[in-house]
Amino acid sequence: MDPAELEHFRRLLQEERERLLKAIAAHSEELKKMTADETGDKVYSDHMADMALLSRMKERKAGVLQKEWRELKEIEDALTRIKQGTYGICQRCGNPIERERLKIIPYTRFCSACGRTAGG
Ligand SMILES: [Zn+2]
């Protein structure tokens, strides 16, 4: 991959990393607040319906957070691969990953053929 293109993807990944870090911070804070509401002695906390709703919301939020953490990890790995000069190369078959695929998933480790079987 030529340096200008590599730089383009590096910038893309860094922007995405910043966005995710902010989202993770915000969602962690929301989750913390939800937990505080649940354990706090607010009047509505003994309403079963509210509790059920709160715990469903918490579960969903926790799921979102988990997904964001996983994505952040993938992005950081991709940034490491850029430094190591292995970015854009399929980790399974060693062939270059299609540009079109990298544009959609800049942190992917597999070409589209391997991605289908490796789940990445
Ligand atoms: Zn491959």
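1. The expected span of a helix is 1.5 Å times one less than its number of residues. In this predicted model, helix α2 has 37 residues and should therefore span 54 Å, and its end C-alpha atoms do lie 54 Å apart, in agreement with that expectation. The residue that follows α2 is Gly85, which has a positive phi, near 80°.

2. On the overall fold, the secondary structure comes to 4 helices and 0 strands, and the pattern read along the sequence is α-α-α-α. Of the 120 residues in the chain, 12% are buried, while 55% of the contacts between residues at least 6 apart in sequence join residues that are at least 24 apart.

3. On confidence, the mean pLDDT of the chain is 90, with 89% of its residues reaching 70 or more. Helix α3 (residues 99-104) has the highest confidence, at a mean of 95, and helix α4 (residues 112-118) has the lowest, at 89. As a general caution, where pLDDT is low the predicted coordinates should not be read in detail.

4. The largest nonpolar core has 11 residues in all, and these are Phe9, Leu13, Ile75, Ala78, Tyr87, Cys90, Ile97, Leu102, Tyr107, Phe110 and Cys111. Helices α1 (3-39) and α2 (48-84) each contribute at least two residues to this core. Because domain 1 (3-87) and domain 2 (88-120) both give residues to the core, it lies between them.

5. Two of the core residues, Phe110 and Cys111, deserve a separate look. Phe110 sits in the loop between α3 and α4, and it counts as buried because 21 C-beta neighbours fall inside 10 Å, where the cut-off for a buried residue is 20 or more. Phe110 and Gln91 are 19 residues apart in sequence, yet their C-alpha atoms are 5.8 Å apart in space. Cys111, if its neighbours within four places in sequence are left aside, is in contact with Cys90, Cys93, Asn95, Ile97, Glu98 and Arg101, and of these Cys90 and Ile97 are also listed in the core.

6. Is Trp69, in helix α2, buried or partly exposed? With 14 C-beta neighbours inside 10 Å, Trp69 counts as partly exposed, since that class lies between the limits of 12 or fewer for exposed residues and 20 or more for buried ones. The C-alpha atom of Trp69 is separated by 8.8 Å from that of Leu21, although the two residues are 48 apart along the chain.

How values were computed:
Residues numbered from 1 in each chain as written. Predicted model: local features only at pLDDT ≥ 70, side-chain atom pairs only at ≥ 80, totals over all residues. Core = buried A, V, L, I, M, F, W, Y, C linked by C-beta atoms within 7 Å. Domains from an automatic or database assignment. Contact = placed C-beta atoms within 7 Å. pLDDT = per-residue confidence, 0-100.
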